[in-house]
Amino acid sequence: DDVITSVGSTLKAYDAVVATGATVVAASALVDRGYVAAGAFAARGVPFLPVATYADLGIEPVVPPGEG
């Protein structure tokens with residue numbers, strides 16, 4: 001993915017790939033704007049490897065709806 005904020009669309013893509021019978025071995029994004037993606041993929045046993053995170057960019061993380 002390019003930018004992950006809430007991880008929703010990336011998990012939909014993950015589910016679609018898994019539904020084909022393929023094994024997802026890693027997930028990546030150029031920028032992770034929050035802190036939910038790593039946990040979501042860890043729960044699925046998949047490493048998450050962003051190129052940069054909100055911390056790398058010196059910005060505040062995006063807070064998922066219902067957590068703010």
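**Entry 1: confidence**

I started with confidence in this predicted model: within the chain it is lowest in β1, at a mean of 90, and highest in β3, at 96. I then looked up the chain as a whole, which averages a pLDDT of 91. Of the residues, 94% score at least 70. A reminder to myself for the remainder: where pLDDT is low, the predicted coordinates should not be read in detail.

**Entry 2: the elements**

I went through the secondary structure next and found three helices and three strands. Read from the N terminus on, the elements run β-α-β-α-β-α.

How do the strands pair, and in what order? I find an open sheet of three strands, ordered β1-β2-β3, with parallel pairing. β1 (3-4) and β3 (48-53) stand at the edges with a single partner strand each, so one side of each is left without a neighbour in the sheet. I also looked up the pairing of β2 with β3: the two run parallel and are joined by five bridges.

**Entry 3: overall dimensions**

I checked the radius of gyration against the globule rule. For 68 residues a compact globule would come near 11 Å, and the chain has 12 Å, so the two agree. The C-alpha trace spans about 40 × 25 × 20 Å along its principal axes.

For the surface I noted an accessible area of about 4,200 Å² for the chain, with 59% of it belonging to carbon and sulfur atoms. Buried residues make up 25% of the 68. I looked at sequence separation too: among contacts between residues at least 6 apart in sequence, 52% join residues at least 24 apart.

**Entry 4: the core**

Which residues make up the largest nonpolar core? I count eleven in the record of this model: Ile4, Val7, Leu11, Tyr14, Ala27, Ala29, Ala37, Ala40, Phe41, Val46 and Phe48. At least two residues of this core come from each of α1 (8-19), β2 (27-32) and α2 (36-42). α2 gives the most, with three residues.

I picked Ala27 from this core for a closer look. Ala27 stands opposite Phe48 in β3. Leaving out residues up to four places away in sequence, Ala27 touches Phe41, Val46, Pro47, Phe48 and Leu49. Phe48 thus turns up both as the residue opposite Ala27 and among the contacts of Ala27.

**Entry 5: Val7 and Thr10**

Val7 is a core member that I placed in the loop between β1 and α1. Its relative accessibility is 7%, so Val7 counts as buried. The backbone is worth a note here: phi of Val7 is near 70°, a positive value in a residue other than glycine.

I moved on to Thr10, in helix α1. Is Thr10 buried or exposed? Thr10 counts as buried because its relative accessibility of 12% falls under the 20% cut-off. Beyond residues up to four places away in sequence, Thr10 touches Asp1, Ile4 and Phe41. Two of these contacts, Ile4 and Phe41, are listed in the nonpolar core.

**Entry 6: Asp32 and Ala52**

Asp32 caught my eye next, in strand β2. With a relative accessible area of 5%, Asp32 is buried. What does Asp32 touch, not counting residues up to four places away in sequence? I find Ile4, Ala37, Phe48, Pro50, Ala52, Thr53 and Tyr54. I also took a distance from Asp32 to Val7: the two are 25 residues apart in sequence and 9.0 Å apart in space, C-alpha to C-alpha.

Ala52, one of those contacts, lies in strand β3. Ala52 counts as buried, at 14% relative accessibility. With residues up to four places away in sequence left out, Ala52 touches Leu30, Val31 and Asp32. For Ala52 and Gly39 I noted 13 residues of separation in sequence and 16 Å in space, C-alpha to C-alpha.

**Entry 7: toward the C terminus**

My last stop was Val63, in the segment after α3 (54-57). How accessible is Val63? At 40% relative accessibility, Val63 counts as partly exposed, since that class lies between the 20% and 50% cut-offs. From Val63 to Ser9 I noted 54 residues in sequence and 16 Å in space, C-alpha to C-alpha.

Technical notes: Residues are numbered from 1 along each chain as its sequence is written. This is a predicted model: local features need pLDDT of at least 70, side-chain atom pairs count only at pLDDT 80 or more; totals for chains, interfaces and linings use all residues. Side-chain values use heavy atoms; hydrogens and water are left out. A nonpolar core is a set of buried Ala, Val, Leu, Ile, Met, Phe, Trp, Tyr and Cys residues joined through side-chain atoms within 4.5 Å. Buried means under 20% relative accessible area, exposed over 50%, partly exposed in between (1.4 Å probe, protein chains only). Helices (H or I, at least four residues) and strands (E, at least two) are DSSP runs, numbered from the N terminus. Contact means heavy atoms within 4.5 Å. The radius of gyration is taken over C-alpha atoms; the globule rule is 2.2 Å times the number of residues to the power 0.38. Accessible areas come from the Shrake-Rupley method with a 1.4 Å probe; for residues, only the protein chains shown count as cover. Two strands pair if DSSP finds at least two bridges between them. pLDDT is the predictor's confidence in each residue, from 0 to 100.
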